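Trainee: Could you take me through the sheets of this protein chain, one at a time? I would like to see how the strands are ordered and what packs on them.

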Amino acid sequence: MKAKNQEKNTRSDTQNGILYVISTPIGNLGDITVRAVEILHKTTYVAAEKISHTKKLLSHYRISATYISYREENRVHAADEIIRLICAGHDVALVSDAGTPGISDPGHYLIERCISLDISVVPIPGASSALAALTKSGFSSDQFIFIGFLPRKGKKRTEILEELSRERRTAIIFESPKRTINTLRDMAEHIQDRPVALCRELTKLHETCLRGTAWELIDISQEHDPLKGEVVLVVSGFQDDPKMSMLSDEDIKRRAEDFVRKYPEAKTGTIAAMLSKETGVRKSRAYRMIVDVRERKD
């Protein structure tokens, strides 16, 4: 029995054309696959976000095409036009400005429409900024989640950040360079001292990866020129500290009181660092505990 919505990837299965979902380079033009170039050479119609951007890529490989503008703003009308062409027997290549269509761009709408109409959708995989950043971060890749762009503000943004504070898998986040510092500030309040990697200009000449806590990355970023190019933030997963499992809250409070009594002249930050190192609590929590102890003494 034929499964419902079974893919049709060959011409003999249908008289319709095919929607090819083609991954394009995220920076380095050499990162397009041989298969992608072959498909683009034989496909007349190319649906692209920024036609001028895609023209540069295709011109580099001496590919000519008839372009269809497919953006978030016109996706409904453009999808209708693309589907009409496919139903008339034409193949259409869907590309984004960089990476894989459908990931943090309007491509998903067209793909979903085609599947609902039993039109064959064929992915041509390639470069991925999310996977490139995950690899470069050095964090665990056994399990990870892709968050994409965070909501710019509001309750939903806060909810996602709160979920991130408990997330045990490595998390991948896209961000605009103009909003990266604010996002790091918001993240710092939720993930505290967990390691973060800030990757930018991936696959390009000035590819960089900064590693540290969210607060440390804010300081490092502000010391350099303004961030340019799309940014990928990779956040290491939450892990239980073995020291914490052996200590109760009361044990830690008593240790904080001992430190304050033993080092009355030391700075709060210095004592907090000592408490954090000995008990495994986060530095931010240790700092608040030392402040509370000193306020009670006063």
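Mentor: Start with one term: a residue is called buried if its relative accessible area is under 20%. By that cut-off, 44% of the 298 residues of the protein chain count as buried. Keep in mind that this is a predicted model.

Now the overall layout. The protein chain has twelve helices and ten strands. Its radius of gyration is 25 Å, while the globule rule gives 19 Å for 298 residues, so the chain is more spread out than a compact globule. Along the principal axes, the C-alpha atoms fill a box of roughly 80 × 50 × 30 Å. Look at the contacts with a separation of 6 or more: 71% of them in the protein chain come from residues 24 or more positions apart. The exposed surface is about 17000 Å², and carbon and sulfur atoms supply 50% of it.

A general point before the sheets. Strands of a sheet pair through backbone hydrogen bonds, either parallel or antiparallel.

Take the sheet with strand 1. It is an open sheet of five strands, in the order 3-2-4-1-5, and the pairing is parallel. Which strands stand at the edges? They are strand 3 (66–69) and strand 5 (120–124). Each has a single partner strand, so one side of each is left without a neighbour in the sheet. From one strand to the next, the twist averages 25 degrees. Look inside the sheet next. Strand 1 (residues 18–22) and strand 4 (residues 92–94) run parallel and are joined by three bridges. Here Leu19 stands opposite Val92 of strand 4. Helix 2 (residues 51–60) packs on this sheet and touches strand 2 (45–48) and strand 3. The direction of helix 2 makes about 150 degrees with that of strand 3.

Now the sheet with strand 6. Five strands form this open sheet, in the order 6-7-10-8-9, and here the pairing is mixed. Strand 6 (144–149) and strand 9 (208–212) stand at its edges. Each has a single partner strand, so one side of each is left without a neighbour in the sheet. Neighbouring strands are turned by 15 degrees against each other on average, direction ignored. Strand 8 (residues 196–200) and strand 9 run antiparallel, with five bridges between them. In strand 9, Gly212 is the bridge partner of Val196. Finally, find helix 7 (residues 180–191). It lies across strand 7 (170–175), strand 8 and strand 10 (231–235). Helix 7 runs at about 10 degrees to strand 10.

Key. Residues are numbered from 1 along each chain as its sequence is written. This is a predicted model: local features need pLDDT of at least 70, side-chain atom pairs count only at pLDDT 80 or more; totals for chains, interfaces and linings use all residues. Side-chain values use heavy atoms; hydrogens and water are left out. Two strands pair if DSSP finds at least two bridges between them. Helices (H or I, at least four residues) and strands (E, at least two) are DSSP runs, numbered from the N terminus. Axes are lines fitted to C-alpha atoms, for helices over the stretch in contact, and angles run from 0 to 180 degrees between N-to-C directions. Contact means heavy atoms within 4.5 Å. The radius of gyration is taken over C-alpha atoms; the globule rule is 2.2 Å times the number of residues to the power 0.38. Buried means under 20% relative accessible area, exposed over 50%, partly exposed in between (1.4 Å probe, protein chains only). Accessible areas come from the Shrake-Rupley method with a 1.4 Å probe; for residues, only the protein chains shown count as cover.
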